[in-house]
2 protein chains.
Amino acid sequence: MKFEPVTIKDIGKALGLSTSTVSRALRGSYEISSETKRLVLEYAEKINYRPNPIALSLKERRNHSIGIIVCEIANNFFSQAINGIESIAYNRGYHVIMSQSHESYEREIVIVDHLASRSVDGLLVSVSSETQDYTHFKNLYDKGLPIVFFDRVANEIITHKVIADNFKGAFDATEHLIENRFKRIAHITSAPYLSISEERLEGYKAALQKHDITFDEKLVHYCYHGGMIYDEIETALTKLFKLKVKPDALFTGGDRVTTTCMQALQKLNKKIPDDIAVIGFTNTNVGELFNPALSVVRQPAFEIGQVATELLISMIESKRPVTEFETKILQTELFVRNSSVSREKG
Amino acid sequence: MKFEPVTIKDIGKALGLSTSTVSRALRGSYEISSETKRLVLEYAEKINYRPNPIALSLKERRNHSIGIIVCEIANNFFSQAINGIESIAYNRGYHVIMSQSHESYEREIVIVDHLASRSVDGLLVSVSSETQDYTHFKNLYDKGLPIVFFDRVANEIITHKVIADNFKGAFDATEHLIENRFKRIAHITSAPYLSISEERLEGYKAALQKHDITFDEKLVHYCYHGGMIYDEIETALTKLFKLKVKPDALFTGGDRVTTTCMQALQKLNKKIPDDIAVIGFTNTNVGELFNPALSVVRQPAFEIGQVATELLISMIESKRPVTEFETKILQTELFVRNSSVSREKG
DNA sequence: TATTTTTACGCAAACGTTCCCGATAACGAT
DNA sequence: ATCGTTATCGGGAACGTTTGCGTAAAAATA
């Protein structure tokens, strides 16, 4: 099934004009008589002519499309971020091409290669949780393909980056727990080499230190699949509850990690916040409907997407090579609800 | 910022061969000596040659990309459906280009026009809640652009469609409420002209009829923005509670409608299921974490996306015009939890 | 009237590929 | 020696556009 496109040539033939004249008339060039312009415009309108974007891309060596690589779309944070991306891209005349790495390094490589073989003008990337080596990005970037990282960034690559203030978000969440008299705060998070994991861990540590609580390695668990695999989370929780001195609170470092933890806690029959208090990084918009209402650190996902896209497009459209790069850090928001406020201790 | 592409011409120049020879060598044509092939292949590998997909698209008049139009990505059902779409498209070598109508008819028209001006080989569409006129789709479809509708379909257009069994899903949900002794069942749903709304309403009515409960128009409320606007939902609920004979149960017809209803009920201080029982169409995967655990009708979103994509690609790749169309109906799943089971009445 | 300027348009190349049609050489067959 | 084959390659058109350059006719100027 193919559909017969109407081209500039068809207009020319119908009107007895050359393609160049038609092209110029369409663009309103001054060297075409107004009479001819009228004729062309009217006819084009009549047969509903649309310029072929592929031909244009070939000429201009531009696609007017940007590629997005994220781990999952079905994730509150990323779907909101993509929303922000799309809102800017759309206004600037760019298409958005999406791919999911499903947290797989292998797949990320294939996708990058696939997307970047010049079918895309730039890349918006949040790396997979498996990714430790960034040469697949580096190669393309060095060849001149604009890339902007958001959320999970590749620190090795010098380009624009847009992230939430993960350190402060984690610090605030942890301090909030401490201020509510919780002393033994566990931390379940994503893969350790992920930039977000590191930043959040540092925030968590800093809050403990500020309040003279010694950091205990045994209270930190990394889930290499970012909460996508239930068992990984349940195992981590089980281990935590087997500790001689059990944790009385839990700070989770990721969207999926948080909700999966909640499910696992329910299954393990743990009462929140009595058995364990919970606060987590997540962008769910139904936290207040949970039982109990879930305290969360919320990232400005939509804005992160927007800012990243603006930076990317500025790179794409820049005439001269960009040499000054910035890392934008957007503030998180703390929503305190019942899951992190002890009824006894309060 | 642009990056200098390596073309078939560069290879030719470097090796003293014509572009045609290089092209043929790359494709392994039999009329090229194995020695030349080796040379070309090696050199291409060395300089990391990638064929320019844009040039190919221009030649083949194919893009190997499919457009998706949905109302919102940040929606459990759609993000899961897109997941399914992407899983198939990826394997078949297609890119996925996404757009959001944000439930706006105007915007849908712009998007369709934008996407379809031959930059896309086919369209996967779930129409916006505002859309009542389908000529923008019809025009393109008649010109030969393959379109497959999923979830919210345009019945007027004869093509493949993939939907959940909305009638049965609604029937089951309603009957479940009835079997749990609820008698006055309200129904809050999306825009009335949406195919899904109609199908679900019919299922709801059928269940009432089966159990000899007379249908009461006053118990049905349409939310034209599909739950995206909080006030619309709260207003509907308030009206329901002002009825002389108040409803004792609520069946919600959509992902966003359901979660927003839950939020509004919480704000209105209604106890579930004592004040009102709730069951709703939603694909949230945290329903069991709600307070109380939420009963849901779940659509096979991922599979719907997959099937729709398979049908679309089969249309795209079909040599002869497709004349036989099917409407695939996939079964929903009922998850009964506490929100729809009365403690008193049970 | 002869010359210059302006107006309005066409030709052809280019973007990167593929592919039809030749072309050239080597080689065996006649 | 001539011819037909076969193997191997190049030329050039085509996909739909844009654009630099050239040029005829018309208009303006001398």
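This is a walk through a predicted model with two protein chains, A and B, and two DNA strands, C and D.

Let us start where the two protein chains meet. In this interface, 47 residues of chain A are in contact with 46 residues of chain B. On the chain A side, several elements each supply at least two residues: helix H4 (53-60), helix H5 (76-91), strand S2 (95-100), helix H11 (255-267) and helix H12 (301-317). By class, the chain A residues that touch chain B are 23 nonpolar, 16 polar and 8 charged.

Now turn to the DNA. Around DNA strand C there are 26 residues, and those that come nearest are A:Ser20, A:Thr21, B:Ile8, B:Ser20 and B:Asn52. Both protein chains take part here: helix H2 (19-26) and H4 of chain A, along with helix H1 (8-15), helix H2 (19-27) and helix H4 (53-60) of chain B, each give at least two residues to the surface near this strand. Which helix gives the most to the surface near DNA strand C? That is H2(B), with 5 residues. The residues of this surface fall into 10 nonpolar, 11 polar and 5 charged.

DNA strand D has its own set of neighbours. It is surrounded by 27 residues, the closest being A:Ile8, A:Ser20, A:Ser23, A:Asn52 and B:Thr21. Helix H1 (8-15), H2 and H4 of chain A, and H2 and H4 of chain B, each contribute at least two residues to the surface near DNA strand D. For this strand the largest share comes from H2(A), with 5 residues. The classes here are 10 nonpolar, 11 polar and 6 charged.

From the DNA we can move to the interior. The largest nonpolar core holds 95 residues, and those with the most contacts inside it are A:Val96, A:Leu124, A:Ala308, B:Val96, B:Leu124 and B:Ala308. To see what one of these residues meets, look at B:Ala308: leaving aside neighbours within four places in sequence, B:Ala308 is in contact with B:Ile85, B:Leu124, B:Val148, B:Phe150 and B:Val162. There is also a second, separate core of 90 residues, which includes A:Leu289, A:Phe290, B:Ala173 and B:Phe290.

A:Ala89 makes a good stopping point on the way. This residue sits in helix H5 of chain A. Is A:Ala89 buried or exposed? A:Ala89 counts as buried because it has 26 C-beta neighbours inside 10 Å, and the cut-off for a buried residue is 20 or more. Not counting residues up to four places away in sequence, A:Ala89 touches A:Ile66, A:Tyr94, A:Val96 and A:Thr309. By contrast, look across to A:Ala293, 204 residues apart from A:Ala89 along the chain: the C-alpha atoms of the two are separated by 35 Å.

Next comes the sheet of chain A. It is an open sheet of 6 strands in the order S7-S6-S8-S9-S10-S12, with mixed pairing. Strand S7 (220-222) and strand S12 (333-335) are the edge strands, each pairing on one side only. From one strand to the next the twist averages 15 degrees. Helix H8 (residues 166-179) of chain A packs on this sheet and touches strand S6 (185-189), strand S8 (249-253), S9, S10 and S12, with its direction at about 170 degrees to that of S9(A).

Within that sheet, follow S8(A). S6(A) and S8(A) run parallel and are joined by 5 bridges, with A:Leu250 in S8(A) as the bridge partner of A:Ala186. S8(A) also pairs in the parallel sense with S9(A), over 4 bridges, and here A:Phe251 has A:Ile279 as its bridge partner. In a regular strand the side chains alternate between the two faces of the sheet. In S8(A), A:Ala249, A:Phe251 and A:Gly253 point one way and A:Leu250 and A:Thr252 the other, and all are buried. One step further along, S9 (residues 277-281) and S10 (residues 295-298) of chain A pair in the parallel sense over 3 bridges, and A:Gly280 stands opposite A:Val296.

Finally, chain B. Its open sheet of 6 strands has the order S7-S6-S8-S9-S10-S12, again with mixed pairing. Strand S6 (residues 185-189) of chain B pairs with S7(B) in the parallel sense over 3 bridges, and B:His187 has B:Val220 as its bridge partner. Helix H8 (residues 166-179) of chain B lies across S6, S8, S9, S10 and S12 of that chain, at about 170 degrees to S9(B).

Terms used:
Residues are numbered from 1 along each chain as its sequence is written. Chains are lettered from A and ligands numbered from 1 in the order in which they are written. This is a predicted model: local features need pLDDT of at least 70, side-chain atom pairs count only at pLDDT 80 or more; totals for chains, interfaces and linings use all residues. Two residues are in contact if their C-beta atoms, placed from the backbone, lie within 7 Å. Ala, Val, Leu, Ile, Met, Phe, Trp, Tyr, Cys and Pro count as nonpolar, Asp, Glu, Lys and Arg as charged, and the others, Gly among them, as polar. A residue is near a molecule or strand if its C-beta atom, placed from the backbone, lies within 6 Å of it. A nonpolar core is a set of buried Ala, Val, Leu, Ile, Met, Phe, Trp, Tyr and Cys residues joined through C-beta atoms within 7 Å. A residue is buried if 20 or more other C-beta atoms lie within 10 Å of its own, exposed if 12 or fewer, and partly exposed in between; C-beta atoms are placed from the backbone. Two strands pair if DSSP finds at least two bridges between them. Axes are lines fitted to C-alpha atoms, for helices over the stretch in contact, and angles run from 0 to 180 degrees between N-to-C directions.
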